[in-house]
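Dear colleague,

I am passing on the structure we spoke about, together with some notes on what turned up in it. Please have the model open while you read, since the notes follow one element after another.

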Amino acid sequence: MCGITVRVGDGNAVPELLDGLENLEYRGYDSAGIALQNDVGIDVIKREGTLDSLRNAIDDDSLHGTIGIGHTRWSTHGPPTDENAHPHTDCTGEIAVVHNGIIENYQELREELEADGHTFTSETDTEVVPHLIESKRNAGLSPESAFRTAVERLAGSYAIAAIVDGTDAVFATRHGSPLVLGRGADRYFLASDIPAFLQHTDQVVYLEDGDIARVEPEGYTITDLQGNVVKRNIEVVDWDAEDVGKGGYDHYMLKEIHEQPTALRQAVRGRVDSFSGDVDLESAPPGTFSDIDRVHLVAMGTSWHAAMYIQSLLTENGVDAGAYMAGEYATSPPPAGPNTLVLAVSQSGETADTLSAVRSIQGANVQTVAVTNVVGSTITRECDSSIFIRAGPEIGVAATKTFSSQVVTLSILAERIVRDVTGTSIRNTSGFFEALSTVPGDVQQLLDDSNAEAIAEHFLDSKSYFFIGRNTCYPVALEGALKFKEITYEHAEGFAASELKHGPLALVTDETPVFAIFSGDEDDTKTLNNVKEVQARDAPVVAVGSNSSQEAIGQADYSLEIPETHPAISGVLANVQLQLVAYHAANKLDRAIDKPRNLAKSVTVE
Ligand code: F6R
């Protein structure tokens with residue numbers, strides 16, 4: 001939700017700022033801008049629309065500066081216009097600021113600054129920051145002290161970078177929003193996320209809340225709010241620059257769908273013994289969860305669907321578990337105590353609702369584990385321990401490979417929990433773990449053979465799209481519908497198969513295809529009855545299932561077949577077919593697949 005880039009070093013910063021913004025566009029894309037520090041002062045250029053509008057506006061190479069800040073926006077305060085685009089400046093144009101997050105007390109600060117004679121030109125919360133720095137400068141403070149004391153006045157969540165005319169430095173800080181520093185051979189970067197500068201360096205420093213970084217061409221210093229120097233380690237990330245390109249695919253989403261076999265291999269590698277069923281999770285050795293009597297999974301969107309999937313697996317295996325939408329959990333946390341385990345599931349590790357859920361139970365003495373894709377993300381610092389899903393960077397706004405990696409990683413974690421809590425093992429252990437080990441190959445086979453494009457084409461003019469499933473296939477139904485609606489902009493809904501007849505059936509007609517997901521276990525019989533109910537109302541049915549669900553496939557009008565696997569894993573494979581249906585439908589409708597309207601990948605506001 002908004003992306004920040006900073007570049008400090010020799011040569012013109014413009015190309016690297018723009019390339020960095022391109023790699024962060026998944027965080028927001030309704031306006032973009034950059035500010036450069038050069039011999040004549042500070043130049044700002046910003047445009048409503050995607051980064052291309054900004055690139056077109058920079059139509060010659062007259063814009064230059066060795067130090068620059070950039071921003072790609074996902075609007076919160078004020079619509080996407082040139083005026084509301086970042087960077088924002090003070091009254092004199094000598095201070096420029098980019099910001100990600102929300103400044104909660106901006107109204108009060110703005111009134112105070114306006115009363116002091118400051119003139120505002122945007123509707124954003126951000127604009128108070130350059131004016132605050134300006135007022136501190138007017139009071140005689142150095143640029144760094146002015147920045148520090150301005151930041152002290154802010155409430156809310158923010159990552160901020162600022163440049164001040166005449167000072168060869170960028171000042172930056174974070175509180176609740178991500179900001180990482182990159183150390184290149186002869187230049188430095190700051191960004192909301194590593195892909196912004198990965199092509200220049202893999203050496204990163206994860207800034208912590210309250211850190212103030214001063215980055216100059218010669219080096220950087222990090223201090224706390226009081227001005228004491230703090231030491232932060234330089235870490236080397238193991239992502240490749242190539243991981244953040246499209247690799248020959250038309251869209252990141254398609255590339256990431258096709259990366260699932262590799263991502264799943266990485267998720268499983270070294271963690272399960274498919275013969276003995278032993279689990280080896282780095283941060284959760286045997287006995288870690290022996291005192292746990294209930295599990296709360298908190299997450300949003302696709303991650304919530306992965307959490308629901310695992311809730312089914314845990315409850316079915318004797319562990320009391322609930323999957324909560326994190327925003328609701330934060331509003332009204334259920335009872336939790338020392339025997340509660342909270343699993344915070346978040347691809348980005350930065351989702352405000354999920355962080356808020358974790359914070360809502362602070363003080364209840366619960367054990368918290370982050371399950372995330374991003375090393376160094378905020379959630380890893382707020383939870384007691386972390387387990388990484390190892391999916392590699394995901395750039396497409398619609399989550400795809402990370403859902404599969406979450407489910408598989410959480411399944412391994414679920415086995416550890418079931419063993420610690422009940423002394424038993426997930427049903428039919430050997431079959432389950434063999435399925436975990438073969439799932440990468442199964443996904444590859446499915447990708448090679450899928451008829452999803454033909455199905456997408458066939459149903460392109462439908463009125464609505466419904467998705468139904470039971471047990472672990474219920475969250476897959478929700479996920480199939482979420483993916484479909486977010487990238488096609490067509491109406492799609494997921495339901496528990498049992499729920500249809502309690503109301504939604506009224507919507508079912510011959511113009512509403514129903515995708516019915518089958519796991520291959522005894523629940524299929526009931527879902528098959530639900531299929532017959534919708535067929536009796538003339539709805540065309542697409543069955544998604546394996547050979548074990550032959551009866552369902554025979555009954556349905558169309559099918560998307562998946563390789564034979566353990567019923568607890570079928571949903572992962574079915575979901576890949578539904579990702580492909582959504583992708584091909586959106587592609588045929590010519591939608592902005594990687595950057596669907598109104599959305600951003602990392603949602604850092606509640
Ligand atoms: C949908 C999607 C979102 C995210 C949600 C949570 O395709 O990507 O629904 O799943 O915003 O994000 P994370 O997992 O980063 O917490």
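**Helix α1 and its surroundings**

The buried residues of helix α1 pack against a varied set of elements, namely the strands β1 (3–9), β2 (31–38), β4 (67–73) and β10 (187–191), together with the helices α2 (51–57) and α6 (252–258). Please keep in mind throughout that this is a predicted model. Helix α1 itself spans residues 14–24 and is mostly covered, with eight of its eleven residues buried. Those eight are Val14, Glu16, Leu17, Leu18, Gly20, Leu21, Asn23 and Leu24, so that the list includes Glu16 and Asn23 alongside several leucines. As background, an α-helix has 3.6 residues a turn, so residues three or four places apart point the same way.

**The protein as a whole**

The protein contains 18 helices and 24 strands, and its C-alpha atoms fill a box of roughly 80 × 55 × 45 Å along the principal axes. Because a compact globule of 606 residues would have a radius of gyration near 25 Å, the 25 Å found for the protein agrees with that expectation. Of the 606 residues, 62% count as buried, while the accessible surface comes to about 21,600 Å², with 44% of it belonging to carbon and sulfur atoms. Among the contacts between residues at least 6 apart in sequence, 71% join residues that are at least 24 apart.

**A parallel sheet with helices on it**

Five strands form an open sheet in the order β16-β15-β17-β18-β19, with parallel pairing. Its edges are β16 (321–325) and β19 (385–388), each of which pairs on one side only, and the twist averages 20 degrees from one strand to the next. Within this sheet, β15 (residues 294–299) and β17 (residues 340–346) run parallel and are joined by five bridges, and Arg294 stands opposite Thr340 in β17.

Helix α10 (residues 352–360) packs on the sheet, where α10 touches β15 and β17 and its direction makes about 165 degrees with that of β17. Helix α12 (residues 401–422) lies across β15, β17, β18 (367–372) and β19, and runs at about 170 degrees to β17.

**Strand β6 and its two partners**

How many of the nine residues of β6 are buried? Strand β6 (residues 95–103) has nine of its nine residues buried. On the β5 side, two bridges join strand β5 (residues 88–89) to β6, and these strands run antiparallel; the bridge partner of His88 in β6 is Val97. The hairpin of β5 and β6 has five residues between the strands, and in this hairpin Gly93 takes a positive phi near 75 degrees.

Strand β7 (residues 156–164) also runs antiparallel to β6, to which it is joined by nine bridges, and the bridge partner of Val98 in β7 is Ala161. In general, strands of a sheet pair through backbone hydrogen bonds, either parallel or antiparallel.

**Cysteines**

In case you are planning around the thiols, the count of disulfides comes to zero, when the two sulfur atoms must lie within 2.5 Å of each other. As for two of the cysteines, are Cys2 and Cys91 buried or exposed? Cys2 is buried, because its relative accessible area of 7% falls under the 20% limit. Cys91 counts as partly exposed, because its relative accessibility of 39% lies between the limits of 20% and 50%.

With best wishes

How values were computed
Residues numbered from 1 in each chain as written. Predicted model: local features only at pLDDT ≥ 70, side-chain atom pairs only at ≥ 80, totals over all residues. Heavy atoms only, no water. Pairing = 2+ DSSP bridges. Helix = DSSP H or I, 4+ residues; strand = E, 2+ residues; numbered from the N terminus. Axes fitted to C-alpha atoms, helices over the stretch in contact; angles between N-to-C directions. Contact = heavy atoms within 4.5 Å. Buried < 20%, exposed > 50% of the residue type's maximum accessible area, 1.4 Å probe, protein only. Rg over C-alpha atoms; globule rule 2.2 N^0.38 Å. Areas by Shrake-Rupley, 256 points an atom, 1.4 Å probe, with all protein chains shown as cover.
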